[in-house]
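Please open the model in a viewer and keep the sequence panel at hand. The tour below proceeds by selection, and each stop states what is to be found there.

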Amino acid sequence: MSFEPTSTEETDTPGTYAARLRVRVAMLSHPGRARSSNEDSVLYSAPEEGSKQAALGVLALVADGMGGHAHGEVASQMAAQSVHYLFYRGDQAVPAALAEGFAAANFAIHERSRSEPACAGMGTTCTAVVIRDDRIWLGHVGDSRAYLIRDGEIRPISEDHSLVAELVRQGKLSEAEAQDFPDRHVLMRALGIAPQVEPTIWQEGLPAQDGDVVVLCSDGLTDVVDKETICRTAARMPPYEACEALIQQALDAGGPDNVSVGVLVVGATAQSEPDRVGRATLPLDAGGEPRP
């Protein structure tokens, strides 16, 4: 089974035809058992049907900040705000909108890190998923992850931008060896750590199917909960309950890091029941804009 994105004529302009599928989404974040603060940020926006932004689709993202103290939280929230604002500001094609948001976030975080000594070295991962016109799109940098569950099978749709992942891709480390690699969280790419960044931005959309489940998460989940458990949990529960269960699984495994999870369920309109609104680190107003 292939999860590769494919091209379509309808992807260049939002709202060119009515979506046949609806999306239920929830996101939760927890500081974990070992950390005194939460440097993760989660954000989702599912504009109300018929609103101006509805044609632009559903956006959800996880950002895992780094830099110590509260500065990782600053970086992750700056990323969430930038990507969200620029995505819904106009009517660009999804790849262009995501690229603009990631570039703006990188510039803002890097400039603040450079100009404020207290924020020196801060940065963040960012993994964003958009569902528009029955297609799934990915924007990604760092080692937070996106998974797609389809027909009971889970596969990653993001690749970690980390040293250990690169060594595995080059065949210099096995997957088993990577689990115990001492520098497994050293990132090759992240927002804010350099003047420019090259995120992974899908230029084509992956056709969504009724029953698809997308899971977004920080490494606070994937370090301690295997993907098969993630699959079983997210595939059998509504989004909010799945997020709660996955976070509890991470806490039960020691909760050594901040843990953030988002679950998006795609379904035919007639078969989908509305889900409870998930809590987001960055609150949104009724129009989908971040509140100060």
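Select alanine 96 to begin; in this predicted model, alanine 96 is partly exposed, with a relative accessible area of 35%. The residue belongs to helix 2, which covers residues 94-115. Add isoleucine 201 to the selection and draw a C-alpha to C-alpha distance: the two residues are 8.8 Å apart in space, while 105 residues separate them in sequence.

**The pairing of helix 1 and helix 2**

Next, display helix 1, residues 71-89, together with helix 2. The axes of these helices are 8 Å apart, and the packing angle is about 145°. The crossing of helix 1 past helix 2 is right-handed. On the side of helix 1, select the contact residues Val74, Ala75, Met78, Ala79, Ser82, Val83, Leu86, Phe87 and Arg89. Their counterparts on helix 2 are Val94, Ala97, Leu98, Glu100, Gly101, Phe102, Ala104, Ala105, Ala108, Ile109 and Arg112. Colouring this contact by residue class gives 15 nonpolar, two polar and three charged residues.

Which residue forms a salt bridge with arginine 89? Select glutamate 100: the closest N and O atoms of this pair are 2.6 Å apart. The bridge joins distant parts of the chain, with arginine 89 in helix 1 and glutamate 100 in helix 2, 11 residues apart. Glutamate 100 is partly exposed, its relative accessible area being 26%.

**The nonpolar cores**

Nonpolar side chains tend to be buried together in soluble globular proteins. To inspect the largest nonpolar core, which has 27 residues, start from those with the most contacts inside it: Leu59, Leu61, Phe87, Leu98, Phe102 and Leu191. At least two residues of this core come from each of strand 3 (58-66), helix 1, helix 2, strand 5 and strand 6. Helix 1 provides the largest share, seven residues.

Now centre the view on leucine 59 and show its surroundings. Beyond residues up to four places away in sequence, leucine 59 touches Leu43, Tyr44, Ser45, Val83, His84, Phe87, Tyr88, Leu98, Ala128, Val129 and Val130. Apart from the largest core lies another one, of 24 residues, which includes Ile230, Tyr240, Leu251 and Val259.

For the next selection, move to threonine 233, in helix 6 (residues 227-236). Is threonine 233 buried or exposed? Threonine 233 counts as buried because its relative accessibility is 3%, and the cut-off for buried is under 20%. With neighbours within four places in sequence left aside, the contacts of threonine 233 are Ala242, Ala245, Leu246 and Gln249.

**Two aspartates with positive phi**

Select aspartate 133, in the loop between strand 5 (126-132) and strand 6 (135-141). Although aspartate 133 is not a glycine, its phi is positive, at about 50°. At 11% relative accessibility, aspartate 133 is buried.

Then select aspartate 151, which is placed in the loop between strand 7 (145-150) and strand 8 (153-156). Phi of aspartate 151 is also positive, near 55°. Whereas aspartate 133 is buried, aspartate 151 is exposed, with 68% relative accessibility.

**Further salt bridges**

How many salt bridges are there in the model? The count comes to eight, and two further examples may be selected here.

Display the side chains of arginine 145 and aspartate 160, which meet in a salt bridge at 2.8 Å, N to O. Distant parts of the chain are linked by this pair: arginine 145 is in strand 7, and aspartate 160 is in the loop between strand 8 and helix 3 (163-169), 15 residues apart. Arginine 145 counts as partly exposed, at 25% relative accessibility, whereas aspartate 160 is buried, with a relative accessible area of 13%.

For the final stop, select glutamate 153 and arginine 155, whose side chains meet in a salt bridge of 2.6 Å, N to O. Both partners can be viewed with the surface switched on. Glutamate 153 is partly exposed at 30% relative accessibility, and arginine 155 is partly exposed at 27%.

Definitions and conventions
Residues are numbered from 1 along each chain as its sequence is written. This is a predicted model: local features need pLDDT of at least 70, side-chain atom pairs count only at pLDDT 80 or more; totals for chains, interfaces and linings use all residues. Side-chain values use heavy atoms; hydrogens and water are left out. Helices (H or I, at least four residues) and strands (E, at least two) are DSSP runs, numbered from the N terminus. Buried means under 20% relative accessible area, exposed over 50%, partly exposed in between (1.4 Å probe, protein chains only). Axes are lines fitted to C-alpha atoms, for helices over the stretch in contact, and angles run from 0 to 180 degrees between N-to-C directions. A crossing is left-handed if the near helix is turned anticlockwise from the far one by less than a right angle, and right-handed if clockwise. Contact means heavy atoms within 4.5 Å. Ala, Val, Leu, Ile, Met, Phe, Trp, Tyr, Cys and Pro count as nonpolar, Asp, Glu, Lys and Arg as charged, and the others, Gly among them, as polar. A nonpolar core is a set of buried Ala, Val, Leu, Ile, Met, Phe, Trp, Tyr and Cys residues joined through side-chain atoms within 4.5 Å. A salt bridge is a side-chain nitrogen of Lys or Arg within 4 Å of a carboxyl oxygen of Asp or Glu.
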